[in-house]
Amino acid sequence: MKISLITGLCLSASLFAATAADAATERYTVIFGGKAVGHLTADIEGAKTAIVFDYKNNGRGPTMAETVSVDAQGLPTAWTISGTTTFGSKVSENFSRKGDRASWVDSTGKGSTTVGEPSLYVAQGGSPWSVGLYARALLKDADHQMPALPGGSLRLEKGEAVAISGTSGALATTAYTLSGIDLTPDTFLLDDSGAFVAYLTPDFIIIRAGYEGEEERLRGLAAKWSTDRYVAIQKEVAHHYAAPVRIINVRLFDPATSALTGPVQVVVSGREIAAVEPMGEPGTPGEVTIDGAGGTLVAGMYEMHGHLGQDDALLNLLAGITTVRDMGNDNAVLAELKERIDAGIIGGPRIIRSGFVEGKSQYSANNGIVVNSEQETIDAVRWYGARGFWQIKSYNSMNPAWIPALVKEAHWLGMRVAGHVPAFSTEDADIEAGFDEVTHINQFMLQWVIKPDEDTRTLFRLTALKRLPGLDLDSPRVQHTMKLMTDRKVAIDPTLGIHEMLTKNRDGQVPPGAVDYIDHMPIGYQRSAKKAMTDTSAPGDDAAYRGAYDKIVATLRMLHDRGVFIVPGTDTGGSFTYHRELELYQQFGMTAPEILKRATFDMARYTGQDQRLGSIEKGKLADFFLIPGDPTRDIKAIKTIGMVVKDGVFYYPSEAYPKFGIKPFVAAPKVSGAQ
């Protein structure tokens, strides 16, 4: 499982191997973007290990302390965990097993069971050290599989041998993957004694101290192994039909009327829509026929605030998202991902790239290009412009004095500009400097409730939301910003869903946004979802955060009523959370048909792609999805997708979801005539 800004537990319950029993201390370094941002330390005393895990990237990260004891088989007998998550919510978890009785307390509440066979407790808030504990126990099991507590099962698979070198000399390691906790497996290295060496992803690593010089190579290996997995999945679930495909008995969402058409049939030939015909028109010899069973076809949707990775590329596509605007990434990683998707090597949406530019500070995000002067800022913009990026995204640590030069250069090169408000500046200043779009509703509203010297490069930019309930939206300061937005025709990417999570998620409760899909998810995903993102323990904080969300919705209603263009994006990985993002737009006055049009045709036009995308018409690319219901009456209908088509390639979520541990939502349509 990759690091998640949503759970804030960073590799929670699923990362690294325990150090060897005879080692007193093992130390690890957390590296993002080539920069060391934190550490993990494990102090071992016999069967008992004390762990400290702490990192800060982009001004935030978890701080965890835990103690775990294991029996002779390596199974946990006692485990206590305390600390804070990435966004500040508190962690207090404990597990114990006595004989055949196991009990635990975590953010979801209390649980207990009688253990009839060897089982591994999967810690909800565990540090990265825990994956190695699981691996060592599974290595002792004949088939390397074992039931998990509180549910599900774990499976360990052995990979290839990897030799690394560092200040302690050469080291022989073996790669392993651990599956069953979350949507994607964890990949890590163990040495010959079973001790943890490194946790690997294409974007970051955590590695034994002294071997940090292997970071770039190991990330490359992680990218290769991940690609191999998704190449294999693509071969199984992507259907390339050699003949024309006739989809019968469907209605189309027509953005021109914001309504459904009558029953029609859609013919796909190659990458394109060859025809839209009335029902009853005869097919031609050799066609493949797909029965839509009276369902609805909707053009592929646009997720406009992604940070796309290989692990969530196919999941976005299966959710009907055929285009993602990436809002900041490791440039090399994104380039390789885009190349693989465009070539059809792996499944995923087409990618619109934002060039991420960040100022250098102790709080810098480690994506894109980090600059230290106005000239470096201009040079970064030119680098992105020469490589065809669609826009520039500025970030928190940028020097406000460099913003006008950034905007001028970007506009000169034909790129748009969006982003966060630089610390100690205001959204008004960004708009006046020429921003085309503002990013995140909290960034937009903070200037109205914070002081000029308060630093928004830390979690304060989220905790300050508690001040919003007392905000007067009719005040001159607020109205001045509203006028700037309308006069200059500036759009906003509010990411409303993540603000719902920040303000409304509570320990032990199914989040409002996950009600419709959480039961379909792996056990680790379900438990992580039931963890609050923010700390609401202080008196009055619970009500303050809930009131903040109400004020956010009221602000968006005011913007919408005044004609400000709302851009739909999540910053939470898209897929299922994108469906919730759209659903929430009804709260500030958008209707279901308006939302569908915004997510499809309006976004195609906004990004200059409406000649080929955004609606289901002859000559356009075959990008659409099939659902059984009517989304113009109930926007939730988009959550039950039976088929997705992108560039004429057909995907059936019911085939692909089990590969992620997800229980399908609806059956695939009936297909006949396929060879």
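# Reading loops, helix packing and empty space

User: Where is the place of P150?

Analyst: P150 sits in the loop between β10 (145-149) and β11; helices here are DSSP runs of H or I with at least four residues, strands are E runs with at least two, and both are numbered from the N terminus. This is a predicted model, where local features need pLDDT of at least 70 and side-chain atom pairs count only at pLDDT 80 or more, while totals for chains, interfaces and linings use all residues. Residues are numbered from 1 along each chain as its sequence is written, and side-chain values use heavy atoms, with hydrogens and water left out.

User: Is the peptide bond from L149 to P150 cis or trans?

Analyst: The bond joining L149 to P150 is cis, and its omega is near 10°. For another backbone detail, go to strand β20 (residues 288-299), where you will find A293. The phi of A293 is near 55°, which is positive although the residue is not glycine.

User: Now the helices, please. How do α5 and α6 pack, and at what angle do their axes cross?

Analyst: Two packed helices are described by the angle between their axes and the distance between the axes. In this model, the axes of α5 (residues 374-386) and α6 (residues 403-412) come within 9 Å and cross at roughly 25° (axes are lines fitted to C-alpha atoms over the stretch in contact, with angles from 0 to 180 degrees between N-to-C directions). The two helices are therefore roughly parallel to each other (under 35 degrees; over 145 is roughly antiparallel, 65 to 115 roughly perpendicular, the rest oblique). On the α5 side, E374, T377, I378, V381 and R382 make the contact, and on the α6 side A405, L406, E409 and A410 do (contact means heavy atoms within 4.5 Å). This contact has five nonpolar, one polar and three charged residues (nonpolar is Ala, Val, Leu, Ile, Met, Phe, Trp, Tyr, Cys and Pro; charged is Asp, Glu, Lys and Arg; the others, Gly among them, are polar).

User: And α11 with α13: how far apart are their axes?

Analyst: Their axes are 8 Å apart, and α11 (residues 496-504) packs on α13 (residues 541-561) at an angle of about 160°. That angle makes α11 roughly antiparallel to α13. From α11, the contact takes L496, H499, E500, T503 and K504, and from α13 it takes Y545, R546, A548, Y549, I552 and L556. By class, these residues are six nonpolar, two polar and three charged.

User: At what angle does α11 pack with α14?

Analyst: The angle between α11 and α14 (residues 576-584) is about 95°, and their axes are 8 Å apart. That makes α11 roughly perpendicular to α14. L496, G497, E500 and M501 of α11 meet T577, R580, E581 and L584 of α14. The contact divides into three nonpolar, two polar and three charged residues.

User: On to empty space. What volume does the largest pocket have?

Analyst: Rolling a probe the size of a water molecule over the atoms shows where empty space is left. The largest pocket has a volume of about 810 Å³ (the space filled by probe spheres set on grid points, joined across faces, edges and corners). Its lining has 38 residues, and T177, S179, T184, P185 and R229 are the closest to its centre. Two or more lining residues come from each of β11 (153-166), β12 (169-179), β13 (186-191), β14 (196-200) and α2. β11 gives the largest share, seven residues. By class, the lining has 15 nonpolar, 12 polar and 11 charged residues.

User: How many cavities of 30 Å³ or more are there?

Analyst: There are five cavities of 30 Å³ or more (on a 1 Å grid over the protein atoms alone, a 1.4 Å probe fits in a cavity but cannot get out; a pocket is an open set with protein on both sides within 12 Å along at least five of seven lines; lining residues have an atom within 4 Å of a point). The second largest cavity has a volume of about 140 Å³. Of its 14 lining residues, P202, D203, G309, Q310 and V333 lie nearest its centre.

User: Which helix gives the most to the lining of the second largest cavity?

Analyst: That is α4, with four residues. The helices α2 (215-237), α3 (310-318) and α4 (331-342) each supply at least two residues of this lining. Its classes are five nonpolar, four polar and five charged.
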